[in-house]
Amino acid sequence: MNAPTTLKELLPAGAQGRELRHESAHLHVTGTATYTDDMPELAGTLYAALVLSPVAHGELVGEGIDRGALLAQHGVVAVFTAKDIPGKNNCGPIIPDDPFLAAGKVDFVGQPVAVVVAREMLYAREAAKKAVVAVKELAPILTIDEAMAAGSFIMPPKGITRGEPAAAIAAAPHRLQGRTNCGQQEQFYLEGQITYAVPREDGQLTLFVSTQHPDGNQREAAEALNLSTADVEVICRRMGGGFGGKEGNASIFSQSAALAAHKLGLPVKLRVNRDDDMMITGKRHDFRIDYDVGFDDAGRILGADFVLASRCGYSADFSGPVNDRAVLHIDNCYWLPNLKVISHRCKTNTQSATAFRGFGGPQGMFGIETVIEAIARRLGKDPQEVRRANLYRDPAVSGEAGSMTTQYGQVIEDFIADGVMAQLETESGYAQRRAAVAAFNASSKYRKRGLAISPLKFGISFTATMLNQAGALVNIYQDGSVSVNHGGTEMGQGLNTKMAQVAADGLGCDVQRVRVTGTDTQKVPNASATAASAGADLNGAAIAAACAPLRQRLVEVAAGLLKCAPDAIELIAGQARRTGAEGQNDPKNSVAWKDLVKQAWLQRVGLSQTGFYMTPEIKYDFMTLQGRAFYYFCYGAALTEVEIDTRTGEWWLKAVDIVHDVGRSINPAIDRGQIEGAYVQGMGWLTMEECVWDKKGKLLTHGPSTYKIPVASDIPEHFRVSLYDTENVKETPYRSKAVGEPPLMLALSAFFAIKDAVGAAGGPRADVQLDAPATPERILLACEAARRAA
């Protein structure tokens, strides 16, 4: 039997495609799943809380706190500030410009200034709240408009120009200019930020962290404490949600807890409450988008000029790649032959905006979909006509060489958006639904309905090429059980369930024998964050690479037992048998997995193996924003129907139909759950989740009483999801595709359905101005403006 060389050969069919339940589902529903705060605490454990800045911008007087006053508080045993950090004071994931404890100045309301450690968590929190921060207040810059006017930027602008956009716009039969805005969004994970830091012998530390990037927490804690990376272990069994908010921001808390534990030589737990969590951590970037487009009578965009400006906060965080991805997704599914787009990254005295599901892609798509809808309204056309007129097309059909090449120079090899949209229109009965909505609106004076389809094309890969790698460790035990460890983190998305399926098929055993263990930096080092929707692709391929040599060894053992050549052995579903042999349970023809493993151990065959994978073909220059940025693309389309009350601005989600491309699904049940959840989260961003700030830079919506997220009652009975029948053209585990982020952008259809309903209140060609989130207040004002403009 020749050694397998491709992922298809590494993963014969077996567990793939089975709708297995989430590996922790029984633990979730019974309340027995162990999260960081559920771990038994060691004797002597202390508790930490953070003293936060009360102003958005200012210079600290001395350390900024009165140590003596804090130490006098009941139960307080220690206080630490920036001056107590022996190494680097930084939690910036890319650029080291982000102190985890303020040093000399403060740059936003809620910035941590000191760590208070006490015998009980309540004592630590009470002392931190009572602390008076000594600060000389300075004038802050708070908004995108203020930053643009002041020339306040976190980094230089970037952009792309293709063709001759100015000339194309000027010569076009029609021209449209406008501005739109999309807001911030809080990740609102169920489990808040938490670290339990445990000192070990000889100055070592183990950090139990709710994090998407254990390697980042490990390296940054080591640098802060002047330790080697090997001296710090980070473990994450599971998170109660992440959504990007625990990719970089978790380091604020892990380093603060690590500092206290290292200095005191005692375990320290730091768990912030929801209010402090929301005051400290970053949100989704809000964007101001200006556009100038020229188009023909069919609605085809001949030239487009976009100016993107985002609020990045006080430090770089992930703002560079987030804004880059917005530029890379300004096209969505459309060929824009003459395009100019420039991206401004605004520096403000607010929390550093950070990673959030979609990572800039949703904001870019929001811009182009706004333009598509505006063109359709100007021409009096169905937006679907305009979308179809602008789709990427095969050059052999279009007659134009670049019509399947993105603005960043990547040739699209897998374009299926047209097929996905066509299937959605058929399955949802789009034409009939459109007619029914028109009939309803004609007969209803105050209630109006809207309908919209939004397609998506989302690139999969980290745009930082070096991050497209993964490792795994697979151990087989004498009883036939299997332990798998990989660099990805489980945050409820079902990654570990899929990885168990990959391992089972890679080895040829039953999936019930596989246990995927908690992420541990001492088992799989140097792992990239579980982000960019690449968790299953990267870690699945690494697991498959680890399983291949183990499988080959077992096949050779089986060949010896069954007295045949290795090429004649088939190892699948928990049995090794001769290929084509009848009587599979006949001991002459087969051997059970458990017996095979035991025999391998007796023969001193190695039953432990690491695996490594790096994504091929990526070649991208992040400075020029040119090259092959993505390994492949995911596609999808959603139809959303809504109803609004034009007198109050209230709205109701009536129906959702989705067709989404996941390639050959590893686990369709988990993929459908991800699609549904992503849509709902995207709908929240675009319709109800609003971050409100006062004039001094304080976030007013910092808890569930003031920040509204979707709930079960917001979901309609009519919510249908179909998986598009295709496979990935690129080699991934089973030819599957990523599913974490792309479906979030399907919710653009909810926003534009509301906009369609507002338009019905003003007439067929009334100009509709509506920013996201489309709250009832904004909907009401937009209805009144549309009626005036009609």
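**Figure 1. Helices H7 and H8 are oblique to each other.** The view comes from a predicted model. Helix H7 covers residues 214-225 and helix H8 covers residues 250-264. Their axes lie 9 Å apart and make an angle of about 45°. Angles under 35 degrees count as roughly parallel and 65 to 115 as roughly perpendicular, with oblique for the rest up to 145, so the term for H7 and H8 is oblique. The crossing of H7 over H8 is right-handed. On the H7 side, the residues in contact are Gly-216, Asn-217, Glu-220, Ala-221, Ala-224 and Leu-225. On the H8 side, they are Ala-250, Ser-251, Ser-254, Gln-255, Ala-258, Leu-259 and His-262. Sorted by class, this contact holds six nonpolar, six polar and one charged residues.

**Figure 2. Helices H16 and H17 cross at roughly 25°.** H16 is made of residues 495-507, and H17 of residues 535-562. The two axes come within 8 Å of each other. Because of this crossing angle, H16 is described as roughly parallel to H17. H16 passes H17 in a right-handed crossing. H16 contributes Leu-495, Lys-498, Met-499, Val-502, Ala-503, Asp-505, Gly-506 and Leu-507 to the contact. From H17 come Gly-535, Ala-536, Asn-539, Gly-540, Ile-543, Ala-544, Cys-547, Leu-550 and Arg-551. The classes in this contact are 10 nonpolar, four polar and three charged residues.

**Figure 3. Strands S4, S2 and S6 form an open sheet.** The strand order is S4-S2-S6, and the pairing is antiparallel. S4 (105-106) and S6 (135-137) are the edge strands; each has a single partner strand, so one side of each has no neighbour in the sheet. Strand S2, residues 58-60, is joined to S6 by three bridges. In this pair, Glu-59 has Lys-136 of S6 as its bridge partner. Strands of a sheet pair through hydrogen bonds of the backbone, in a parallel or an antiparallel sense.

**Figure 4. A four-strand open sheet has the order S16-S27-S28-S29.** The pairing in this sheet is mixed. At the edges stand S16 (447-460) and S29 (718-723), each with a single partner strand, so each has one side without a neighbour in the sheet. From one strand to the next, the twist averages 15°. S27 (residues 632-645) and S28 (residues 651-660) are antiparallel and share nine bridges. Leu-639 is placed opposite Asp-657 in S28. Two helices also appear in this view. Helix H14, residues 417-428, lies across S16, S27, S28 and S29 and runs at about 35° to S27. Helix H15, residues 430-443, packs on the sheet and touches S16, S27, S28 and S29. The direction of H15 makes about 145° with that of S16.

**Figure 5. Strands S21 and S22 form a hairpin with two residues between the strands.** Four bridges connect S21 (residues 569-572) and S22 (residues 575-578), and the two strands run antiparallel. Leu-571 stands opposite Ala-576 in S22. In the hairpin, Ala-573 takes a positive phi near 55°. S22 also pairs with strand S23 (residues 590-592), in the antiparallel sense and over three bridges. Here Gln-575 faces its opposite residue, Ala-592 in S23.

**Figure 6. Two loops contain backbone features picked out for a close-up: a cis peptide bond and a positive phi.** The peptide bond running from Ala-772 to Pro-773 is cis, and its omega is near 5°. Pro-773 belongs to the loop between helix H20 (748-762) and helix H21 (776-789). Asp-317 is not a glycine, yet has a positive phi of about 50°. The loop that holds Asp-317 lies between strand S14 (301-313) and helix H10 (319-328).

**Figure 7. The whole protein chain, shown to place the close-ups, has 21 helices and 29 strands.** Along the principal axes, the C-alpha trace spans about 85 × 75 × 45 Å. A compact globule of 790 residues would have a radius of gyration near 28 Å, and the chain agrees with this, having 28 Å.

Definitions and conventions:
Residues are numbered from 1 along each chain as its sequence is written. This is a predicted model: local features need pLDDT of at least 70, side-chain atom pairs count only at pLDDT 80 or more; totals for chains, interfaces and linings use all residues. Side-chain values use heavy atoms; hydrogens and water are left out. Two strands pair if DSSP finds at least two bridges between them. Axes are lines fitted to C-alpha atoms, for helices over the stretch in contact, and angles run from 0 to 180 degrees between N-to-C directions. A crossing is left-handed if the near helix is turned anticlockwise from the far one by less than a right angle, and right-handed if clockwise. Contact means heavy atoms within 4.5 Å. Ala, Val, Leu, Ile, Met, Phe, Trp, Tyr, Cys and Pro count as nonpolar, Asp, Glu, Lys and Arg as charged, and the others, Gly among them, as polar. The radius of gyration is taken over C-alpha atoms; the globule rule is 2.2 Å times the number of residues to the power 0.38.
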